[in-house]
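Got the model open in your viewer? Let's take a walk through it, one selection after another.

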Amino acid sequence: MKTAILTTLIAGAAAFAPAQTGKASTALNAAFDSEIGAASAELGCWDPLGFVTNGDQKRFDRLRAVELKHGRVAMLATWGFATTWSGARFPGCEDTVAGHQAVFSGPEFLVPVLLTAGFLEVSWKQKEGSFPGDFSSSPWPVGFGPYARSEEDMIDLRTRELNNGRAAQMGILGMMVHEQLDGKPFIFFDKFDIYAPLSGN
């Protein structure tokens, strides 16, 4: 036990020690400082775990595509979580429980989710030579449509999608955790009246 505590203290102290490889890491990460979604002008490409410190563009694009995919799924999950929790249901699913618990209610709920995910995984394809996450060459193309009228619009929309996806990943995680803790995924419901103008209440 004492060894574990000592190790923890040493690791904590090491976090405040001057970094000897800071300049080399910054120089290597500078290759991605102008990429969409950089933390800020000061931080540039914030990569504390060193996933792309070698400046590998292919690896960066792969990680960006994965981040976008997780963000898109998280945005849909957040929307679906809030929608079902408010009482909305598809026909025939009126008795389905809300929230994360629905996934574990039986295979009849989990199987459609897995089939849909598998279908989208094999049908949407990355457009060759384009930015990560561009599925416009798929049989069912998806994109920003008429909203991307210029290169500036495209950059703005891609940045918004990336940041909203990051927020949604934290949001759905928080809702699932709070649902498991006390059955209240939206922690502010106990303090504020829910704004539901169409509910008739």
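The tour goes from the overall fold to the pockets, the cavities, the core and a few single residues.

**Start with the whole chain.** Before anything else, keep in mind that this is a predicted model. Switch to a cartoon view and follow the chain from its N terminus: the elements run α-α-α-α-α, which gives 5 helices and 0 strands. Now colour by burial. Of the 201 residues in the protein chain, 18% are buried. Turn on a surface as well, and you are looking at about 15,000 Å² of accessible area, with 65% of that belonging to carbon and sulfur atoms. As for contacts with a separation of 6 or more, 47% of them link residues 24 or more positions apart.

**Next, the largest pocket.** Select Val73, Leu76, Ala77, Val113 and Thr116, the lining residues that lie nearest the centre of the largest pocket. The space here is about 2,100 Å³, and 48 residues line it. Which helices should you highlight around it, each giving at least two residues to the lining? Pick α3 (57-85), α4 (107-123) and α5 (151-182). Of the lining, α3 gives the largest share, with 17 residues. Colour the lining by class and you get 27 nonpolar, 12 polar and 9 charged residues.

**Move to the second largest pocket.** Select Trp46, Asp47, Arg64, Glu67 and Arg166, which lie nearest its centre among the 21 lining residues. Helices α3 and α5 are the elements that give two or more residues to this lining, and α3 has the largest share, 6 residues. The second largest pocket holds about 600 Å³ of space. Its lining splits into 12 nonpolar, 4 polar and 5 charged residues.

**Now look for enclosed space.** Rolling a probe the size of a water molecule over the atoms shows where empty space is left. How many cavities of 30 Å³ or more does a search of the whole structure find? There are 2.

For the largest cavity, select Ile36, Arg64, Leu68, Arg72, Phe131, Pro132, Arg158, Glu161 and Leu162. Again, α3 and α5 are the elements that give two or more residues to the lining of this cavity. Its volume is about 70 Å³. Sort the lining by class and you find 5 nonpolar and 4 charged residues, with no polar ones.

For the second largest cavity, select Glu67, Leu68, Gly71, Arg72, Met75, Glu161, Leu162, Gly165, Arg166 and Gln169. Here too, the elements with two or more lining residues are α3 and α5. About 40 Å³ of space lies inside, and the lining has 3 nonpolar, 3 polar and 4 charged residues.

**Zoom in on Glu161.** Glu161 is in the lining of the largest cavity and also in that of the second largest cavity. Trace its backbone and you are in helix α5. Is Glu161 buried or exposed? Its relative accessible area is 16%, and the cut-off for buried is under 20%, so Glu161 counts as buried. Show its neighbours beyond four places in sequence: Glu161 touches Leu68, Arg72, Met75 and Phe144.

**On to the nonpolar core.** In soluble globular proteins, nonpolar side chains tend to be buried together. Select Ala74, Phe81, Ala168, Ile172, Met175 and Phe186, the 6 residues of the largest nonpolar core. Both α3 and α5 supply at least two residues of this core, with the largest share, 3 residues, coming from α5. Now centre on Phe186. Leaving out residues up to four places away in sequence, Phe186 touches Phe81, Ala82, Trp85 and Met175.

**Last stop: Phe60.** Go back to helix α3 and pick out Phe60. With a relative accessible area of 7%, Phe60 is buried. What is around it, apart from neighbours within four places in sequence? Show Phe32, Glu35, Cys45 and Val52, the residues in contact with Phe60. To finish, draw a distance line between the C-alpha atoms of Phe60 and Glu35: these two residues are 25 apart along the chain, and the line should read 10.0 Å.

Terms used: Residues are numbered from 1 along each chain as its sequence is written. This is a predicted model: local features need pLDDT of at least 70, side-chain atom pairs count only at pLDDT 80 or more; totals for chains, interfaces and linings use all residues. Side-chain values use heavy atoms; hydrogens and water are left out. On a 1 Å grid over the protein atoms alone, a cavity is a set of points where a 1.4 Å probe fits but cannot get out, and a pocket is an open set with protein on both sides within 12 Å along at least five of seven lines; lining residues have an atom within 4 Å of a point. Grid points are joined across faces, edges and corners, and a volume is the space filled by probe spheres set on the points. Helices (H or I, at least four residues) and strands (E, at least two) are DSSP runs, numbered from the N terminus. Ala, Val, Leu, Ile, Met, Phe, Trp, Tyr, Cys and Pro count as nonpolar, Asp, Glu, Lys and Arg as charged, and the others, Gly among them, as polar. A nonpolar core is a set of buried Ala, Val, Leu, Ile, Met, Phe, Trp, Tyr and Cys residues joined through side-chain atoms within 4.5 Å. Buried means under 20% relative accessible area, exposed over 50%, partly exposed in between (1.4 Å probe, protein chains only). Contact means heavy atoms within 4.5 Å. Accessible areas come from the Shrake-Rupley method with a 1.4 Å probe; for residues, only the protein chains shown count as cover.
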